[in-house]
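Please prepare a report on the structure shown below. It should describe the aromatic pairs, the nonpolar cores, selected buried residues and the cysteines.

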Amino acid sequence: MSCSLCFLLCPSVLWAAIIGGAIYFLKNYMQGGQFQKDTDETGKVFIVTGANTGIGKETVREIAKRGGTVYMACRDMNRCERARLEIVAETNNKNIFSRVLDLSSLDSIREFVAGFKKEQDKLHVLINNAGVMRCPKTLTKDGFELQLGVNHMGHFLLTNLLLDVLKKSAPSRIVVVSSLAHIRGAINVDDLNSEKSYSEGDAYSQSKLANILFTRELAKRLEGTRVTVNALHPGVVDTELARNWAFFQTNFVKYFLKHILWPVLKTPKSGAQTSIYAALDRDLDGVTGMYFSDCKLKDVAPAAKDDKTGKFLWEESEKWTGLVSSK
């Protein structure tokens, strides 16, 4: 007994316990707000883009547990199907479907929507989750800078093509996964497609600002329809989002920095909580045009409140995507 006590009182053991405890509590604290309300989503239809990994996968998992019918819209069908089978086995919810959607292709988006409408005549929640981050200069199949093309333009077209079924299913919701990075963003009205110059970080921040401007402009256009749209910041999450960022592929990051940062990163499950909150919380019925983080209402950067720029972006997005306005 005395030997055990001496061991426990050993300074090195005490310090290890203190540091370990501090890391544990820090990790738990950094997980942020959690959506803990019980809801029954039986009979409701959801679409989640980018659903085969990260917070998209965890969002689908939670909705599946609550009985919802979910369409996992992904580019990589092999990974999507593996994720779907895992979720079906865990939740015993067979109403989970994997469908091809490449947000870097306008044709793929139109094909996905056409296929969905053949299968379903209702849609209660659209979660625009998919995204790319800090990519080398790359163009989509339609010639758009990849980050703006996938993060904004692709979801812009997808959402607009699904508005008719969302309106028929009202009350319904659109959830747009943005980022705190929007505070560093600016809509480059003179070089929206980054043709004159390109910065990976600036292009990403522009696309995340575009998400919020789109959300606010769409909310105005949907007034009176009982279709709401809100944006959110999921937090700093340990996912594959930074896979295209060259710095994060270095040995320094893989074997050192990532372990140092681990206590302050959210898990994918925690990162999905605000998406789930925005999609399911009944207290948000009728709430639209807002921005959330950690399951709480947050303010946005001044640039995200610029209605003139929001209208400019909407009009340009209509032109780029070939969308005919239904105004």
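Phe112 and Phe116 are separated by about one helical turn, because they lie 4 residues apart in helix H5. Helices here are DSSP runs of H or I with at least four residues, strands are runs of E with at least two, and both are numbered from the N terminus. The model is a predicted one, in which local features need pLDDT of at least 70 and side-chain atom pairs count only at pLDDT 80 or more, while totals for chains, interfaces and linings use all residues. Residues are numbered from 1 along each chain as its sequence is written, and side-chain values use heavy atoms, with hydrogens and water left out.

**Aromatic pairs**

The structure holds 9 aromatic pairs. Rings of Phe, Tyr and Trp (for Trp, the six-membered ring) pair if their centres lie within 6.5 Å; planes under 30 degrees apart count as stacked, over 60 as edge-to-face and the rest as tilted. The rings of Phe112 and Phe116 have centres 6.4 Å apart and planes at 20°, so this pair is stacked. Phe112 has a relative accessibility of 5% and counts as buried; Phe116, at 2%, is buried as well. Buried means under 20% relative accessible area, exposed over 50%, and partly exposed in between (1.4 Å probe, protein chains only).

Another stacked pair is formed by Phe214 and Trp314, at 5.8 Å centre to centre and with 25° between the planes. Phe214 belongs to helix H7 and Trp314 to helix H11, so the pair ties together parts that are 100 residues apart in sequence. Phe214 is buried, with a relative accessible area of 4%, and Trp314 is buried with a value of 4%. Ring pairs also link Tyr71, Phe97, Phe112 and Phe116 into a cluster.

**Nonpolar cores**

In soluble globular proteins, nonpolar side chains tend to be buried together. A nonpolar core is a set of buried Ala, Val, Leu, Ile, Met, Phe, Trp, Tyr and Cys residues joined through side-chain atoms within 4.5 Å. The largest such core has 51 residues, of which Ile47, Leu123, Leu158, Leu162 and Ile174 touch the most other members. Elements giving two or more residues to this core include strand S1 (45–49), strand S2 (69–74), helix H5 (106–119) and helix H6 (146–168). H6 supplies the largest share, 12 residues.

Leaving aside neighbours within four places in sequence, Ile47 is in contact (heavy atoms within 4.5 Å) with residues that include Tyr71, Phe112, Phe116, Leu123 and Leu162. A second, separate core of 30 residues includes Val60, Ala64, Cys80 and Ile87.

**Selected buried residues**

The following table lists three residues with their locations and accessibilities.

| Residue | Location | Relative accessibility |
|---|---|---|
| Ser178 | loop between strand S5 (172–177) and helix H7 (200–221) | 3%, buried |
| Phe292 | strand S7 (residues 291–293) | 3%, buried |
| Ser275 | helix H10 (residues 273–280) | 0%, buried |

Ser178 and Leu209 are 31 residues apart in sequence, and their C-alpha atoms are 7.5 Å apart. Beyond its neighbours within four places in sequence, Ser178 is in contact with Lys208, Asn211, Ile212, Leu232, His233 and Pro234.

The C-alpha atoms of Phe292 and Ala231 are separated by 6.4 Å, although the two residues are 61 apart along the chain. With neighbours within four places in sequence set aside, the contacts of Phe292 include Asn230, Ala231, Leu232, His233 and Tyr277.

For Ser275, again without neighbours within four places in sequence, the contacts are Thr59, Val175, Val177 and Leu232.

**Cysteines**

How many disulfides are there? With a disulfide taken as a pair of cysteine sulfur atoms within 2.5 Å, the count is 0. Cys74 is in no disulfide, and its nearest cysteine sulfur, that of Cys80, is 3.1 Å away. Cys74 is buried at a relative accessible area of 2%, and Cys135 is buried at 1%.

**Overall composition**

The protein has 11 helices and 8 strands. Of its 327 residues, 52% count as buried. Among contacts between residues at least 6 apart in sequence, 79% join residues at least 24 apart. The protein exposes about 15,900 Å², of which carbon and sulfur atoms supply 57%. Accessible areas come from the Shrake-Rupley method with a 1.4 Å probe, and for residues only the protein chains shown count as cover.
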